[in-house]
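This report concerns a single protein chain. It takes up the strand pairing, the charged pairs and the nonpolar core in turn.

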Amino acid sequence: MNKIQPKDYYPTDTISLFQVYREVILTGIEDPMLASRLISMGILPGMMLKMVRGTLQGHTYIILAGKHYFAMRKNEVNALRVQPVSEA
């Protein structure tokens, strides 16, 4: 049985992309309110994001953007549009 490699598996939701690739590039934000908040904190499209860890329940994720760490809820992470660094 062949093992699925990350390059063969392209998940569609943001959290799965983070779990497979760990480092992604932000290409957009679907929620306008969230976009406004993130842009005011300096998280802009084109920025590299890295998932540092998630909680055991899977409701909160720690994201590294630049030199700053952000705690984000699951629905906020899923509102991010990202693509793997290797494909950027």
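In this predicted model, I63 stands opposite F70 of strand β4. The two strands concerned, β3 and β4, run antiparallel and are joined by six bridges. Two residues lie between them in their hairpin, where G66 adopts a positive phi near 70 degrees.

On the β2 side, β3 (residues 60-65) is paired with β2 (residues 48-54), again in the antiparallel sense, over five bridges. Within this pairing, L64 of β3 is the bridge partner of K50.

These pairings belong to an open sheet of five strands, ordered β4-β3-β2-β1-β5 and paired in antiparallel fashion. The edges are formed by β4 (68-73) and β5 (80-84); each has a single partner strand, so one side of each is left without a neighbour in the sheet. On average, neighbouring strands of the sheet are turned by 45 degrees against each other, direction ignored. In general, strands of a sheet pair through backbone hydrogen bonds, either parallel or antiparallel.

**Charged pairs**

A search of the whole structure yields three salt bridges. Side chains of opposite charge can pair when their charged atoms come close. The pairs are listed below with their N to O distances.

| Salt bridge | Distance (N to O) |
|---|---|
| R81 and E30 | 2.7 Å |
| R37 and E76 | 2.8 Å |
| R73 and E76 | 2.9 Å |

The salt bridge between R81 and E30 links distant parts of the chain: R81 belongs to strand β5, whereas E30 lies in the loop between β1 (23-29) and α2 (32-40), and the two are 51 residues apart. How exposed are these two partners? R81 is partly exposed, with a relative accessible area of 27%, while E30 is exposed, at 54%.

The salt bridge between R37 and E76 likewise links distant parts of the chain, with R37 in helix α2 and E76 in helix α3 (residues 74-78), 39 residues apart. R37 counts as partly exposed at 40% relative accessibility. E76, by contrast, has a relative accessible area of 8% and is therefore buried, the limit being under 20%. R73 also meets E76 in a salt bridge, and R37, R73 and E76 are linked in a network of salt bridges.

Which residues does E76 touch, leaving aside those up to four places away in sequence? They are L34 and R37. R37 is thus both a contact of E76 and a salt-bridge partner of E76.

**Nonpolar core**

The largest nonpolar core comprises 21 residues, and L49 and L80 have the most contacts inside it. Two or more residues are given to this core by each of α1 (14-21), β1, α2, β2, β3, β4 and β5. In soluble globular proteins, nonpolar side chains tend to be buried together.

L80 touches T14, L26, G28, I29, L38, L49 and M72, not counting residues up to four places away in sequence. L49, with which L80 shares the distinction of having the most contacts inside the core, is thus one of the residues that L80 touches.

Key. Residues numbered from 1 in each chain as written. Predicted model: local features only at pLDDT ≥ 70, side-chain atom pairs only at ≥ 80, totals over all residues. Heavy atoms only, no water. Pairing = 2+ DSSP bridges. Helix = DSSP H or I, 4+ residues; strand = E, 2+ residues; numbered from the N terminus. Axes fitted to C-alpha atoms, helices over the stretch in contact; angles between N-to-C directions. Salt bridge = Lys/Arg side-chain N within 4 Å of Asp/Glu carboxyl O. Buried < 20%, exposed > 50% of the residue type's maximum accessible area, 1.4 Å probe, protein only. Core = buried A, V, L, I, M, F, W, Y, C linked by side-chain atoms within 4.5 Å. Contact = heavy atoms within 4.5 Å.
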